[in-house]
Amino acid sequence: MIKRDVFEYALVRVVPRMERGECFNAGVIVYCRAHSYVAARTHLDEAKLLALDPRADVAGVRAALRGVEGVCGGGDAAGQAAGDDAGRRFRWLIAPRSTVVQPGPVHTGLTADPAAEVERLLELLVR
């Protein structure tokens, strides 16, 4: 029997125009406490972004998505969160915010391989 551990994940959404409330998925963040693991993978569908807001700051949205991945990775790319453990970095990223790039609700599951889970969820829910 394969040992599976609880993991949590949240989608990363892009909301180009807050007043309209339209959004689309552009990434996923996965946290597994048992493995002290947190990672994010993102994919920006530029055509969707520009369909919702032809004047959207594509470079700014890409930079924000890279920032999410950087915080998960830790080190210098994590900025002020560099010294935080995986759980604190995940909790910081999933905190509600009113920005163009924001987290969705947190969901849970079981996995034997958190790194594979990130890729699976990216393909299933984002691409």
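Two strands count as paired when DSSP finds at least two bridges between them. With that in hand, let us walk through this predicted model, starting with its overall build and then turning to strand β2.

The protein has 4 helices and 4 strands. Read from the N terminus, their order is β-β-β-α-α-α-β-α. The C-alpha atoms fill a box of roughly 50 × 30 × 20 Å along the principal axes. A compact globule of 127 residues would have a radius of gyration near 14 Å, so the 15 Å of this protein agrees with that expectation. Of the 127 residues, 43% count as buried. Among contacts with a separation of 6 or more, 60% join residues 24 or more positions apart.

On the outside, the protein exposes about 7100 Å², and carbon and sulfur atoms supply 51% of that area. There are 17 positive and 16 negative side chains, with the centres of the two sets 3 Å apart.

Now to strand β2, which spans residues 24-32 and is mostly covered, with 8 of its 9 residues buried. Strand β2 pairs with both β1 and β3, as the table shows.

| Pair | Residues of the partner strand | Sense | Bridges |
|---|---|---|---|
| β1 and β2 | β1, residues 5-14 | antiparallel | 7 bridges |
| β2 and β3 | β3, residues 37-42 | antiparallel | 6 bridges |

Individual residues help you find these pairings on screen. Ala10 has Ile29 in β2 as its bridge partner, while Cys32 is matched with Tyr37 in β3. Strands β2 and β3 form a hairpin with 4 residues between them. In that turn, Ser36 has a positive phi of about 50°.

Definitions and conventions. Residues are numbered from 1 along each chain as its sequence is written. This is a predicted model: local features need pLDDT of at least 70, side-chain atom pairs count only at pLDDT 80 or more; totals for chains, interfaces and linings use all residues. Side-chain values use heavy atoms; hydrogens and water are left out. Buried means under 20% relative accessible area, exposed over 50%, partly exposed in between (1.4 Å probe, protein chains only). Helices (H or I, at least four residues) and strands (E, at least two) are DSSP runs, numbered from the N terminus. The radius of gyration is taken over C-alpha atoms; the globule rule is 2.2 Å times the number of residues to the power 0.38. Contact means heavy atoms within 4.5 Å. Accessible areas come from the Shrake-Rupley method with a 1.4 Å probe; for residues, only the protein chains shown count as cover. Lys and Arg count as positive and Asp and Glu as negative; His and the chain ends are not counted. The place of a charge is taken as NZ of Lys, CZ of Arg, CG of Asp or CD of Glu.
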